[in-house]
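User: Could you take a close look at one part of this model for me? I'd like one connected walk through a single buried acidic spot and what sits around that spot.

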Amino acid sequence: MNYAILRRGRRLVLTATVGLLVTAMIWSVGGRTASASGSATIGQRAGFAPTSWMLLWGSNTDVARDLDAAAATGAKLLRFDFDWQSAEPSKGSYNWSYIDRVVNGAKARGLSVLGTIAYTPAWARPSGTTDKVPPTNLGDYVNFVRAVVNRYAPQGLHQWEIWNEPNIVQFWQPKPDPANYTSMLKQSYAAIKAIDPSATVVSAGLAPAGDSSDGQYVSPR
């Protein structure tokens, strides 16, 4: 079973399987800096979930600076988007350079990666819609999931989150569809496990929301 909590600007993703905590680190405790041994212990369970466009498309200098800052806290985890639309801009044609840069930078700094696999490229969604619309053919998404895991599992990446906040219209358009998301999660889980049985598959983190009458917001409960 997986649980997720979102806070403005910060995010926690927890999985009962491995006890991951992904959140911004705060090291001052009662006005004192955490001890080295305490920091090391906390660091194994904590990390950062920065705005992914800053990591994927920032300059080399900015990306290196941000990863250095994250690693300097003692955190050991990094969550960022494995952006489908930039990695597969046309069906079957891949450009891994943006993701590779972050993955290689994270590994070089001792950061484990939790990859959030999202969002839909133009070729895989209805014309005139945004990347937050799920794919017309769910199989296209699952094929991309397979491509991601085939590429990165041999590089030591074994933690995957399927989409992000599908309970709100900002990330699942035109409105949340729990049944459709469940199909995405189940098919992706099977595809990942078939390639990497040791992988941890995390359900999408849910945004805090109440049920709205128009169905655009669905309570996590």
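Analyst: Here is a look at D196 and its surroundings, with a few other places afterwards.

A word on the ground rules: this is a predicted model, where local features need pLDDT of at least 70 and side-chain atom pairs count only at pLDDT 80 or more, while totals for chains, interfaces and linings use all residues. Numbering starts from 1 along each chain as its sequence is written, and side-chain values use heavy atoms, with hydrogens and water left out.

D196 sits in the loop between α7 (178-195) and β9 (200-203); helices (H or I, at least four residues) and strands (E, at least two) are DSSP runs, numbered from the N terminus. D196 is buried but has no salt bridge. Buried means under 20% relative accessible area, exposed over 50%, and partly exposed in between, using a 1.4 Å probe and protein chains only. A salt bridge would take a side-chain nitrogen of Lys or Arg within 4 Å of a carboxyl oxygen of Asp or Glu, and the nearest side chain of opposite charge, K193, is 7.3 Å away from D196. For charge, Lys and Arg count as positive and Asp and Glu as negative, with His and the chain ends not counted.

What D196 does have is polar contacts: its side chain pairs with the side chain of H158 at 2.6 Å and with the side chain of S198 at 2.7 Å. A polar contact here is a pair of N or O atoms within 3.5 Å; within protein, one must be able to donate a hydrogen and the other to accept it, and residues adjacent in sequence count only if both atoms are side-chain atoms. Setting aside neighbours within four places in sequence, D196 is in contact (heavy atoms within 4.5 Å) with V149, A153, L157 and H158.

Now for the partner. H158 belongs to the loop between α6 (138-152) and β8 (159-162). H158 counts as partly exposed because its relative accessible area is 30%. Again leaving out neighbours within four places in sequence, H158 touches A153, D196, S198, A199 and T200. H158 and V201 are 43 residues apart in sequence, yet 8.3 Å apart in space, C-alpha to C-alpha.

Further along the chain, A207 lies in the segment after β9 and counts as buried because its relative accessibility is 4%. A207 and S219 are 12 residues apart in sequence and 8.2 Å apart in space, C-alpha to C-alpha.
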